2 protein chains.
Amino acid sequence: MRHPFPMDLVLDAERAPGYGVREHLVEQLRAVILAGQARATEPLPSTRSLAAAVGVSRGTVVAAYEELAGEGYVTIVPGSGTFVAADLPAASSSPSPSTARGAAETFTRAQEPPRRTINLSPGSPAAPLHRNHEWKVAWREAARRELPDLPPPPAGEAEFRAAIADHLSAARGVQCAANDIVVTAGARDGLGLLVHALQGDRSTGIRIATESPGHHASRAVISRLGAIPVPIPVRDGGMDVDRLADASGPFAAALVTPSHQYPLGGRLPVPSRLALLKWAKCTGAVVVEDDYDSEFRHGAPSLPAIASLNDEGRVVLVGTLSKTVSPWLRCGYLLVRDDELRARVLETREVLGHPVSGIVQIALSEFLRTGGLRRHLVRVAREYAHRRGLVIEATADLAPRIRLDAIEGGLHATLSWENGGPDESVVEALAREGVEVAPLSACYYGPTEPERRGIVFGYGAPTDLELRTALDAIRDALAPQRN
Amino acid sequence: MRHPFPMDLVLDAERAPGYGVREHLVEQLRAVILAGQARATEPLPSTRSLAAAVGVSRGTVVAAYEELAGEGYVTIVPGSGTFVAADLPAASSSPSPSTARGAAETFTRAQEPPRRTINLSPGSPAAPLHRNHEWKVAWREAARRELPDLPPPPAGEAEFRAAIADHLSAARGVQCAANDIVVTAGARDGLGLLVHALQGDRSTGIRIATESPGHHASRAVISRLGAIPVPIPVRDGGMDVDRLADASGPFAAALVTPSHQYPLGGRLPVPSRLALLKWAKCTGAVVVEDDYDSEFRHGAPSLPAIASLNDEGRVVLVGTLSKTVSPWLRCGYLLVRDDELRARVLETREVLGHPVSGIVQIALSEFLRTGGLRRHLVRVAREYAHRRGLVIEATADLAPRIRLDAIEGGLHATLSWENGGPDESVVEALAREGVEVAPLSACYYGPTEPERRGIVFGYGAPTDLELRTALDAIRDALAPQRN
C-alpha cells in the first residue's frame with residue numbers, strides 16, 4: 001500500500017450523550033474513508049491490530065466494521081478481511097491500482113455489480129435482521145413448535161395478540177387488551193379486511209373519506225373492494241375536519257394518518273382530533289387511524305394515537321410491522337375495540353381464511369416478548385437520525401423555492417414546489433440515474449389540481465453511501481425547479 | 001412392577017414387502033400395549049436394554065418409540081424415559097397402582113389432561129414436523145436471509161415458484177413453469193384471489209358452478225366476494241357435466257374436485273374431464289381444479305390433474321400445503337397458464353397486497369428443494385394407510401345400510417345412509433363424546449333435498465389411539481341408523 005491506514009484514531013474527545021466507543025469509532029472510520037485515507041477496494045486493518053492500536057476491545061472493532069458494512073462503506077469477506085467498498089461516491093478517491101492483488105480478486109468475487117438501482121421508495125425500512133441473534137432465535141423457537149392440525153384462529157394466535165397489545169401500549173400510548181387485536185398480513189390486508197367488514201352485504205359501495213394528498217395504495221385497496229374513496233383536502237398536518245363535516249355523506253369511515261401525514265408530514269392537532277371523534281359520533285362512521293410509521297420520531301415528540309383518546313370504540317388503528325421489521329414479512333394488525341365491528345371483522349376472516357402463518361405469528365411473538373424488536377428499533381432509529389441529517393444537509397440550499405417536508409418523523413421526506421414543471425419528469429430523470437422515488441402529484445386525487453408538485457422519497461432502506469449518491473442525483477434533477 | 005415387560009419380541013417372521021425392522025418393532029410394541037402387557041403410565045424398557053434384548057440397533061428402538069409417541073401410545077419424557085400413555089382406550093388395562101412413584105410423577109407433569117376433544121375435522125393432516133430436522137434447517141436458512149426492503153413480488157418469490165412447479169410435475173403429472181405459479185396463503189386465499197380477478201369491475205355477481213355436495217367453505221368464499229355459487233349435482237365421482245351443460249348460463253367458472261371428490265370421494269372419469277374442457281371452450285368459462293388432497297392415494301392409482309391435459313390454458317389448479325404440511329402454515333398456490341387471466345390475478349394481488357411472508361416462502365422453498373417434503377409425505381402416507389385400515393376394519397359391519405366412502409384417497413371418509421334420521425343429531429351426539437366430525441347434509445345446497453345424510457370425518461390428524469376411541473364412539477352414535 002502506498003499510504004498507511006491512519007491507526008492513530010482518537011476516540012475519547014467530548015462524547016455526545018448516548019454515544020459509546022463503537023459509535024465514535026464508526027464515525028472516525030467513516031471520516032477516514034470519505035476523506036480518501038482508505039481507498040476503494042483496499043483492505044482495512046485487521047480487527048486485532050486496530051483494536052490494539054486504538055485501545056478498544058476487538059469486539060468493538062468487529063461491531064464497528066459490521067455497522068459500516070450495513071451502511072455500505074465496507075465489505076466484509078469472510079476469511080479474508082474487511083475492504084473499503086468499490087462504489088464510493090466521487091468525493092472519495094478512485095480505486096487504487098496499488099491494491100494487493102489477492103485482496104482485490106477476493107473482493108471482486110464478493111461484490112460485483114458496479115451500479116445498482118437505489119431504492120428510495122417511501123416507507124422501506126433498514127432491516128439488517130439477518131445479523132440479529134434474537135431474530136434467528138425467535139424463528140428457531142417457532143420452527144420447533146408442534147404444528148397444530150387447524151389454521152390459526154381468525155383473530156390470530158393469542159400470544160402474538162398479547163405481545164402486540166403490549167407493544168402498542170409501550171410505543172403508542174394505547175391501552176388495549178389482546179382481545180382487541182386482529183392479526184393481519186400487513187396494512188393493506190388490514191384495511192381490506194375492514195372494508196370487507198364495513199361493506200358487508202350492501203350492494204352499493206360504501207363511501208370512505210380519505211386524505212388528498214394521501215396514500216395511493218390505500219385508495220386502490222378501497223376501490224378494488226367495491227367501496228368508494230372520497231377525497232378530503234389536507235390542512236395543518238392532517239385531514240381538514242371542517243371540510244369533512246361539510247362533505248355530503250353518508251360516510252362509513254374516514255381514513256387518516258394523524259401521527260405523520262402521508263406524504264406531507266405533520267401531526268393532526270388535538271382540537272382536530274377531537275372534532276374528528278365528534279364527527280364520527282354524530283355520523284356513526286368509523287375513524288380508521290393508519291399508524292404506518294409512528295414508531296419513529298426525530299424532532300417533535302410523538303402524539304399518542306387517536307385510539308388512545310376516549311374514543312368510545314369508534315377508532316380502528318391499522319398497524320404494520322412493515323416499517324419496524326420489513327415489508328417482506330407481510331405482517332400487521334388491527335386494533336378494533338368495538339365488539340360488534342370486531343365480530344364482523346372476524347366473521348369475514350373466518351370465511352376468507354386467515355392469511356398469516358402460525359409460524360410467523362409465533363416467531364414475532366418471541367421477538368416482541370423478549371425485547372428483540374425494541375432493541376432493533378433503538379439501533380435503526382440511530383441510523384435513521386443520521387440519514388435524516390444527511391437529507392437536511394443536502395437539501396438546505398434548495399429553499400425557499402423547494403420545500404423539505406415530513407422530515408420530523410417516519411422514514412420518508414418530500415421535496416415540493418408550488419409552481420413550475422410537472423414532477424413525473426423529475427421522477428423519470430431520477431429513474432434514469434438509477435434512483436427510485438415517487439411523484440407527489442400521484443398522491444392527490446379528486447376534482448381539483450394538485451396544490452404542490454414534488455418528489456416523495458424514503459431514506460430508511462438505502463445505505464449511507466447510497467443515500468449520499470442519491471441526494472446528489474436529486475439535487476441535479478431539481479436544479480430546473482430551483483430558481 | 002408386577003409384570004415384566006415382554007422383552008422377547010420376535011421381529012423376523014414373514015415381513016410384508018416395504019416393511020422394515022422398525023415397522024415390525026412398532027407393530028409388536030403396539031400389540032403389547034393394546035394387550036395390556038404394558039399398562040398405562042408404566043415405563044417402557046430403556047432403548048439400550050430393549051435393543052440388546054431384541055437384537056436391533058438402539059437407533060431403531062429410538063425411532064420406534066418416537067413413532068409410537070406420534071401415534072399416542074407412549075409419551076417420551078426427556079431425561080426420564082418413555083412411558084405408556086395415560087389415556088389408553090378401555091380395551092387396554094387401567095392405570096396400574098404399582099407403577100414406580102417417581103416415574104408416575106414425572107409422567108403426570110408431562111401429560112395432564114385426562115380427556116380432550118378428538119379433532120376429526122375433515123382435512124387436518126398429521127404434521128409431526130417439529131421433530132423433523134430438515135424442517136428446522138429450512139427455517140434456520142430462511143431466518144438467515146437478508147430481509148429485502150420491498151414486499152415479495154405479487155406472484156411470490158421466484159425460487160419458491162420454481163420449487164412448486166417441480167413438485168406439481170413430480171406429484172401430479174403437471175408440466176408447468178415457475179412463471180405459471182402464483183403463491184397464495186392457502187386454498188381459500190387462492191380461490192378468493194381468482195374470484196376477485198374474474199369478477200373484476202363487474203357490478204353484478206359472476207356465476208360459478210360448484211359441486212353439490214361440495215366444500216361448504218369454498219361456496220362461502222365465493223358468496224362473500226359477491227359472486228354467486230350455482231349448485232350442480234355430483235354423479236359418478238364428480239360434477240355431473242351433462243347437468244352443467246344443461247344449466248342456464250352464463251358461468252364465469254366451474255369449481256371441481258376431480259381427483260377426490262369432496263366429500264363423497266371418487267374420481268371424475270376421463271370422458272367427463274374431456275367433456276368439461278369442451279364445455280369450458282364453448283362457454284369461455286374457466287375450470288377451477290381444487291386439488292386439495294391428491295398427494296395421497298391409498299387404493300386406486302391417482303389420475304393426473306385435469307391441468308395436465310391439453311387444456312389450452314382453461315384450467316386453473318388450486319393447490320394447498322395445508323394437507324401436505326399443515327393448515328397452520330397458511331400456504332398454497334395457483335397454477336394459472338393463461339397469460340391474460342394470470343395478469344388479472346397479479347394485478348389484484350398487487351393492489352390488495354401479497355399476504356405470504358417472504359420468510360415462509362424461502363423456508364418452504366428449502367423444504368421442497370432438498371426433498372424434505374417428499375420424505376415427509378412418504379412417512380405420513382404410511383401412517384395414513386395404517387389409520388385407513390383401522391377405519392375400514394371398524395366400520396365393516398355397518399354395511400349395507402351405512403356406506404363408507406371417499407376412503408380411496410386423501411385424509412377423510414364419509415359414512416352415509418339414504419333414509420333415516422338427520423345427521424346433525426349424530427354430529428351433536430359425537431361432539432358430546434368429545435369427537436368432532438362434520439355433517440354430510442351441510443355439503444349439499446340448492447333447491448333439492450340432500451340425497452344422502454351422514455358424517456364426514458378426517459383420519460389424518462388424530463393419533464392411532466384417538467382414532468380407535470373415536471371410531472368406537474362413531475359406531476355407538478350410528479347404531480340407530482344401522483338397521
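Me: What is the cut-off for a polar contact, and which atoms form the pair?

Reply: A polar contact is a pair of N or O atoms within 3.5 Å; within protein, one must be able to donate a hydrogen and the other to accept it. In this predicted model, a polar atom of the A:Arg349 side chain lies 3.2 Å from the backbone oxygen of A:Val183.

Me: Where does A:Arg349 lie, and is A:Arg349 buried or exposed?

Reply: A:Arg349 belongs to helix H11 of chain A, residues 339–352. Buried means under 20% relative accessible area; A:Arg349 counts as buried because its relative accessibility is 4%. Beyond its neighbours within four places in sequence, the contacts of A:Arg349 include A:Pro154, A:Asp189, A:Leu193 and A:His354.

Me: How is the relation between chain A and chain B to be read?

Reply: Two copies of a chain are related by a rotation about an axis and a shift along it. Here a turn of 180° with a shift of 0.0 Å along the axis lays chain A on chain B with an RMSD of 0.1 Å. That is the relation of a two-fold axis. The copies meet through the same surface, because 100% of the interface residues of chain A are also interface residues in chain B.

Me: What is the value of phi at A:Asp236, and is A:Asp236 buried or exposed?

Reply: A:Asp236 has phi near 50°, a positive value in a residue other than glycine. A:Asp236 is found in the loop between strands E6 (228–235) and E7 (238–239) of chain A, and is exposed, with a relative accessible area of 59%. In chain B, B:Asp236 also has a positive phi of about 50°.

Conventions:
Residues numbered from 1 in each chain as written. Chains lettered and ligands numbered in written order. Predicted model: local features only at pLDDT ≥ 70, side-chain atom pairs only at ≥ 80, totals over all residues. Heavy atoms only, no water. Helix = DSSP H or I, 4+ residues; strand = E, 2+ residues; numbered from the N terminus. Buried < 20%, exposed > 50% of the residue type's maximum accessible area, 1.4 Å probe, protein only. Contact = heavy atoms within 4.5 Å. Least-squares fit on C-alpha atoms with pLDDT ≥ 70 in both.
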